[in-house]
Amino acid sequence: MKSIAALQATVTATPFDGEPTNGELDAIESEMPLILAEIDLLDVEIWMLDRPATALDERRIRRARNRVLDERRTLTNRASLTQSGGAA
């Protein structure tokens, strides 16, 4: 039977510290408006689970969905500008 102890040392030579890199933190920060809009939509949907929807409730859901779509559009446009170098 072969021992894999020597191979394992090379695989785990660099321990994972569990912290996000600066690039990952920047990506999270740039996506934060979308994350918050999705949380608000989820809150409205959870709030309406056990009650009948009124006209005001439907308006709340529609506004929350539109906010999510607006934030996705903004994030997508910002990413496409970054990839194209900002040229129109």
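Here's a quick briefing on the salt bridges and the nonpolar core in this structure. Keep in mind that the model is predicted. The salt-bridge count comes to five, and one of them pairs Arg72 with Glu38. On the nonpolar side, the largest core has six residues, with H2 and H3 each supplying at least two of them.

**Linking H2 and H3**

- Arg72 and Glu38 meet through their side chains in a salt bridge, with an N to O distance of 3.4 Å.
- Arg72 sits in helix H3 (residues 55–84) and Glu38 in helix H2 (residues 22–47), so this pair ties together parts that are 34 residues apart in sequence.
- Both partners are partly exposed: Arg72 has a relative accessible area of 42%, and Glu38 has 31%.

**Around Asp57**

- Asp57 forms a salt bridge with Arg51, and their closest N and O atoms are 3.4 Å apart.
- Buried or exposed, what is Asp57? Asp57 is buried, because its relative accessible area of 0% falls under the 20% cut-off.
- Its partner Arg51 counts as partly exposed, at 33% relative accessibility.
- There's a network here too: salt bridges link Arg51, Asp57 and Arg60.

**Within H3**

- Asp70 and Arg73 form another salt bridge, their closest N and O atoms being 3.3 Å apart.
- Asp70 and Arg73 are three residues apart in helix H3, so about one helical turn separates them.
- Asp70 is partly exposed, with a relative accessible area of 35%, and Arg73 also counts as partly exposed, at 47% relative accessibility.

**The nonpolar core**

- Which residues make up the largest nonpolar core? They are Leu34, Ala37, Leu41, Ala64, Val68 and Leu75.
- Helices H2 and H3 each put at least two residues into this core.
- As a general point, nonpolar side chains in soluble globular proteins tend to be buried together.

**Leu34 and its contacts**

- Leaving aside residues up to four places away in sequence, Leu34 touches Val68, Glu71, Arg72 and Leu75.
- Val68 and Leu75 are, like Leu34, members of the largest nonpolar core.
- Arg72, also touched by Leu34, is the residue that forms the salt bridge with Glu38.

Key
Residues numbered from 1 in each chain as written. Predicted model: local features only at pLDDT ≥ 70, side-chain atom pairs only at ≥ 80, totals over all residues. Heavy atoms only, no water. Salt bridge = Lys/Arg side-chain N within 4 Å of Asp/Glu carboxyl O. Helix = DSSP H or I, 4+ residues; strand = E, 2+ residues; numbered from the N terminus. Buried < 20%, exposed > 50% of the residue type's maximum accessible area, 1.4 Å probe, protein only. Core = buried A, V, L, I, M, F, W, Y, C linked by side-chain atoms within 4.5 Å. Contact = heavy atoms within 4.5 Å.
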